[in-house]
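Welcome to this structure. Here are a few notes to read alongside the view below.

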Amino acid sequence: MAKKFRGAAHEANEKLIAASWPMFETLVSNDEAGLDLILKNLQDNGILNCDCGWQITNGSRQAGTRTISCPQCNAVIWFTANTLFERVRNIKAWLGAISLMNLGAHLTSTKLAMLGDIGQATAHHIVNVIRFVIERERQDSSDIDTAEVPAPLFAALACKRSLISLPYKHPSVEAEELQGDKSNSQSVVHMEYFADAADAADA
């Protein structure tokens, strides 16, 4: 059953990637288109600022560059500086990996290397860095957003017994009996279970 589930999950993941990657490529066909998208995203979100204090909300870059001029002071700004994309190559592969992971796809370095037409080592580095950033952000947000919840609220779940557990007994009781007299305790467990089942059937 577990193997079938893993097979179904793998198949669903492959279908998600197969359907999503062509859509991504219509938006980012190459590294240059990727840089244009990054610049636009920074401008749209109001996080591209010059040292003079001017917020750059529009403007374009010259092909092959990662710079834009400040309309206020004419300073040259490297818009990928202090971002995940600072000095990295294969921008399309980076954005593609982020896009697929954002959709919930499980992306391996082998799959990314094939999709992005890049080396295995490069793909491995990209996937690892993105996962590290996601985990770091998750931990940072959990420190802020999490709240303590009283343990008794989970008592119903924590104390829920299985079909072969002793009724109305803490799991430790069964564990102690199994350690003390394994064969005898197993008989007690099954006898009490079947007795309960018979009573329920009669009722």
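**Notes for a first look**

1. Following the chain from the N terminus, the elements come in the order α-α-β-β-α-α-α-α-α-α, giving 8 helices and 2 strands. Please keep in mind that this is a predicted model.

2. Of the 203 residues in the protein, 26% are buried. The accessible surface is about 14300 Å², with 56% of it belonging to carbon and sulfur atoms.

3. Do have a look at helix α3, residues 91–102. Its 12 residues should span 16 Å at 1.5 Å a residue, and the end C-alpha atoms are indeed 16 Å apart. Because 9 of the 12 residues are buried, α3 is largely enclosed by the rest of the structure; among them are Trp94, Leu95 and Met101. Just after α3, Gly104 has a positive phi of about 95°.

4. The whole structure holds 6 salt bridges. One of them joins the side chains of Glu11 and Lys15, at 3.4 Å from N to O. Both residues sit in helix α1, 4 residues apart, about one turn of the helix. Glu11 is partly exposed at 45% relative accessible area, while Lys15 is exposed at 54%.

5. Which residues share a salt-bridge network with Arg61? Arg61 pairs with Asp36, their closest N and O atoms lying 2.8 Å apart. Asp36 is in helix α2 and Arg61 in the loop between α2 and β1, so this pair ties together parts 25 residues apart in sequence. Arg61 also bridges to Glu32, at 2.9 Å between the closest N and O atoms. Glu32, Asp36 and Arg61 thus form one network through shared partners. Arg61 is buried, at 11% relative accessibility, whereas Glu32 is partly exposed at 31%.

Definitions and conventions:
Residues are numbered from 1 along each chain as its sequence is written. This is a predicted model: local features need pLDDT of at least 70, side-chain atom pairs count only at pLDDT 80 or more; totals for chains, interfaces and linings use all residues. Side-chain values use heavy atoms; hydrogens and water are left out. Buried means under 20% relative accessible area, exposed over 50%, partly exposed in between (1.4 Å probe, protein chains only). Accessible areas come from the Shrake-Rupley method with a 1.4 Å probe; for residues, only the protein chains shown count as cover. The expected span of a helix is 1.5 Å times one less than its number of residues. A salt bridge is a side-chain nitrogen of Lys or Arg within 4 Å of a carboxyl oxygen of Asp or Glu.
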